[in-house]
Amino acid sequence: MPEPIRVTVWNEFRHEQHDAKIAAVYPNGIHGAIAEGLNQQDFVVQTATLDEPEHGLTQEKLANTDVLLWWGHGAHNEVSDEIVERVHKRILEDGMGLIVLHSGHFSKIFKRLMGTGCNLKWREDGQKERLWVVAPGHPIVQGIGEYIELPQEEMYGEHFDIPEPDELVFVSWFPGGEVFRSGCCYRRGTGRVFYFRPGHEEYPTYFNPQVQLVLANAVRWAAPTLTHKPIRGNAQPLEKIEVIGGGEGDILSRVKGAN
Ligand code: ZN
């Protein structure tokens, strides 16, 4: 039996504490609702929030995280650069997966990984969202069917300032006429990154069984696949190299001289 995937759900956790209307939608916090959904699978799920020491993302916690989910909105700038660096390194070098949710498009970690502005169009009108599957057969849409329909969501519209996704799995349609690339896959270093659009705090989106299934599928897709750490830097030749021409500054001499 393979070891279960270790998941950490990170949430800013401010709306739920300061706004009774949001607390009524997510009494255990957005992280609590997401963790509840993921706990229906054979994952080991922990949570972490902004106001914990080190934002709940200590070296030890991250070292025991295979996939990190990220929900943030109003306090992106309160996330310390040191923790962002720590998460970034763990993705690039160790292959930890990252799933960025909804307004996390403006988080420091997502902008750093994308290298673009990550801005978009938005409108809080509580209309329907229909997420069309545009990559049938992709592991993230297993069991989803043709589309997901959410009765009420915030609108996000193009243009979304992101690099071309390596794989695009969802495109959203909104009644106002806008469309949006709402499920985007990337590889960064040895890690995988998935951006998933829905999840505005005013609506019970994370209790939707199809949304829960996408997140579970995305956790499996983003889990580390690295079995050997890549070797980089100055290296000895695997074959015996004959010095041609000699000379102190000659590249081959320097390689041989290191032996
Ligand atoms: Zn929102």
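**Salt bridges and a zinc site**

In this predicted model, the side chains of Arg112 and Glu85 come together in a salt bridge, with N and O 2.8 Å apart. This pair connects distant parts of the chain, as Arg112 belongs to helix α6 (residues 108-114) and Glu85 to helix α5 (residues 81-94), 27 residues apart. Both ends can be found partly at the surface: Arg112 is partly exposed, with a relative accessible area of 39%, and Glu85 is partly exposed as well, at 36%. In total, 18 salt bridges are counted.

A good place to look next is Arg123. Its salt bridge with Asp125 has closest N and O atoms 2.8 Å apart, and Arg123 also forms a salt bridge with Glu178, at 2.9 Å. Glu178 sits in the loop between β7 (167-173) and β8 (179-188), while Arg123 is in strand β5 (residues 121-133), so this pair ties together parts that are 55 residues apart in sequence. Glu178 has a relative accessibility of 15% and therefore counts as buried, the cut-off being under 20%. Arg123, at 32%, is partly exposed, and Asp125, at 29%, is partly exposed too. Elsewhere, Arg14, Asp51 and Glu78 are joined in a network of salt bridges.

The zinc ion is held by His102 (NE2), Glu154 (OE) and His200 (ND1), at 2.0 to 2.1 Å. Along the sequence, these donor residues follow the spacing H-x51-E-x45-H. Glu154 lies in strand β6 (residues 147-157) and His200 in the loop between β9 (191-196) and α7 (209-222), so the two tie together parts that are 46 residues apart in sequence. Glu154 and His200 are both buried.

Definitions and conventions:
Residues are numbered from 1 along each chain as its sequence is written. This is a predicted model: local features need pLDDT of at least 70, side-chain atom pairs count only at pLDDT 80 or more; totals for chains, interfaces and linings use all residues. Side-chain values use heavy atoms; hydrogens and water are left out. Donors are N, O and S atoms within 2.8 Å of the metal (3.2 Å for Na, K and Ca); water is not among the atoms, so sites may look incomplete. Helices (H or I, at least four residues) and strands (E, at least two) are DSSP runs, numbered from the N terminus. Buried means under 20% relative accessible area, exposed over 50%, partly exposed in between (1.4 Å probe, protein chains only). A salt bridge is a side-chain nitrogen of Lys or Arg within 4 Å of a carboxyl oxygen of Asp or Glu.
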